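Let's take a walk through a protein model together. Have the picture ready and turn it as you read.

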Amino acid sequence: MKFAHLSDIHIGGWREEQLKQLNLQSFKLAIDKCIQNRVAFILISGDLFDTALPPIEFIREVSEKLKEAKEQNIDIYVIPGSHDFSPSNKTMIDVLEKTGLIDNVCKFENDTLKFTHDKTGAKITGLFGKRGGLEKFDYERLNKIPLKPKDLELVEGCSIKDLPKNFNYYAGGHPHFVYAKEFKDYGLITYPGALFPNNFKEVEKFNHGGFYILDYSNGNLTHEWIDVKIKNVLSFHIDVNKNSLNQIEKELEKIESENIEDKIITIRISGTLENGKISDIKLRELTERLMEKGAYCVLKNTAKLTTKEFEELNIDSGNVDDIEDKIINEHKGQIKIPLDEEKTTHSLMRLLAQEKMEGEKTFEFEQKLVKSVIKELKLEDSWK
Ligand SMILES: [Mn+2]
C-alpha cells in the first residue's frame, strides 16, 4: 500500500505572479505524480494555502486538482498549518472539508486523539499548529502513553517526547527542510520540506521542493523523496565590500552573459558600499534586461547591503524602544523633511507595524495603510 506525504505548499504565497503560478503548478505536478504512483491516500501536514482565505482563482485550481485525485479513489487528509489556520474556523480548509474534497484529521474527543479510518485500514490523526506556539499546549493536553524522560530534539521547538508513541509514521510539517529518521519506540518521522520554496533564501538553498511517497507492505515501511522541479534556478551573490561601483557593474553584466533562458534568477548583493548610494546599483534596469532576454523570473535581495554612512551605529543595550530612539537620533538630519523628523518616524513605524485584521481584504488593508501614511506625511493635497 502506497501513500504520499506533502507539506507546506503555501498556495497563493509569493508576491511575484510568475512564482505564484509556479507554486500552483508544483502542487499540480505533485498530485499528478501521486496519481501515477497509484497512492491510496495523500497526507498534507499543514499550510496547504498561504492564508486562511486565499484568492478565489487559487481555490478553484486547487479544488479542481483535488477532485482529480478523488476521482482516482485517492483520499486527501489534511491538517491546517500556522498559515491556513484561523481561530474562528473561517478557513478554506473548512470549506473544502464540507465539500468532501478533503478530510481534516485534527480531531479530539475528551482530550484524546480521534482517528480517521482510511479504506486501506490505515488510522490517521493530526495535531495542528497555531499561531503563537499554541501547538505545544495541544500536545501536552493529550492522553499519551507515558514516555521516557529522554529528550530527543527533533527540530526547533519540537521534541520527540511530545509525540505519542507507537505509530508507524509521523508526517511532520512546518519547518521547511527535508528530514527522515527512524526512532525506536516511535517509527519513521519525516519532514518533506516546502513543496515549492517559500522565499528568496529557500529558492537559493533548495531550488525546488518535493514530497514523500511511502510504501507499506508486510509490516515494512519504506520512503522515497520525490522531487518536484519545473524550472531551473541560477543564483548569484555579489559581495560589494571590496568593489567599486564600476566593478559591481561588471559583476552584474556577467549575469547577462549566462544562459538565463526560462530560469529563475536570484541575485543577492551584500556588504558595505564604500562610495555612493544603494540606488547607484542599477538593479531594476538589470532585471528588465534579464526579463527581456527570457529569464522566467528575477529575484533580488539587498537586505544585507548597506552604505558607509548607515553602517556605524553604536547600540549597547536597552529595550526595543531605546534602540529605536537611538537609531532614529543617529540618522536624524540625513534626509531633509519639513516635519518633526523624530515624531514622524515614530508615527510611521507605528502605522506600518499594523497587521491586517481577520476578514479584512488585502486591498482594504492596503488602502487604509496608504491613507494613514499620506495623512501622517501631510501629503493629502499633493497625493491625488
Ligand atoms: Mn510552512
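Below we go from the confidence of the model to its sheet, its cores and its metal site.

First, keep in mind that this is a predicted model. The mean pLDDT of the chain is 85, and 89% of its residues reach 70 or more. Residues 129-156 are another story, with a pLDDT below 50, although this stretch still has 58 contacts in the model beyond near neighbours in sequence. Where pLDDT is low, the predicted coordinates should not be read in detail.

Now find the sheet. It is an open one with 6 strands, and if you go across it you meet them in the order β4-β3-β2-β1-β14-β15, with mixed pairing. At the edges sit β4 (103-104) and β15, each of which pairs on one side only. Further in, β2 and β3 run in the parallel sense and pair over 5 bridges. Want a landmark there? Look for Ile-44, which stands opposite Val-78 in β3. Helix α1 packs on this sheet, touching β1, β2, β14 and β15, and its direction makes about 140° with that of β15.

Stay with α1 for a moment, and pick out Ile-31, which has its place in this helix. Is Ile-31 buried or exposed? With a relative accessible area of 1%, it falls under the 20% cut-off, so Ile-31 counts as buried. Leaving out residues up to four places away in sequence, Ile-31 touches Ile-42, Lys-65 and Ala-69. Ala-69 is 38 residues away from Ile-31 in sequence, yet their C-alpha atoms are 7.0 Å apart in space.

In soluble globular proteins, nonpolar side chains tend to be buried together. Here, the largest nonpolar core has 32 residues, and those touching the most other members are Leu-6, Ile-11, Phe-27, Ile-42, Leu-48 and Phe-211. Several elements give two or more residues to this core, including β1, α1, β2 (41-45) and α2 (56-71). Phe-27 has contacts with residues more than four places away in sequence, among them Ile-9, Val-62 and Leu-195. There is also a second, separate core of 18 residues, which includes Ile-238 and Leu-305.

Last stop: the metal. Which residues coordinate the manganese ion? They are Asp-8, His-10, Asp-47 and His-176, at 2.0 to 2.5 Å. Asp-8 lies in the loop between β1 and α1 and His-176 in the loop between β11 and β12, so this pair ties together parts that are 168 residues apart in sequence. Both Asp-8 and His-176 are buried.

Definitions and conventions:
Residues numbered from 1 in each chain as written. Predicted model: local features only at pLDDT ≥ 70, side-chain atom pairs only at ≥ 80, totals over all residues. Heavy atoms only, no water. Donors = N, O, S within 2.8 Å, 3.2 Å for Na, K, Ca; no water. Helix = DSSP H or I, 4+ residues; strand = E, 2+ residues; numbered from the N terminus. Buried < 20%, exposed > 50% of the residue type's maximum accessible area, 1.4 Å probe, protein only. Core = buried A, V, L, I, M, F, W, Y, C linked by side-chain atoms within 4.5 Å. Contact = heavy atoms within 4.5 Å. Pairing = 2+ DSSP bridges. Axes fitted to C-alpha atoms, helices over the stretch in contact; angles between N-to-C directions. pLDDT = per-residue confidence, 0-100.
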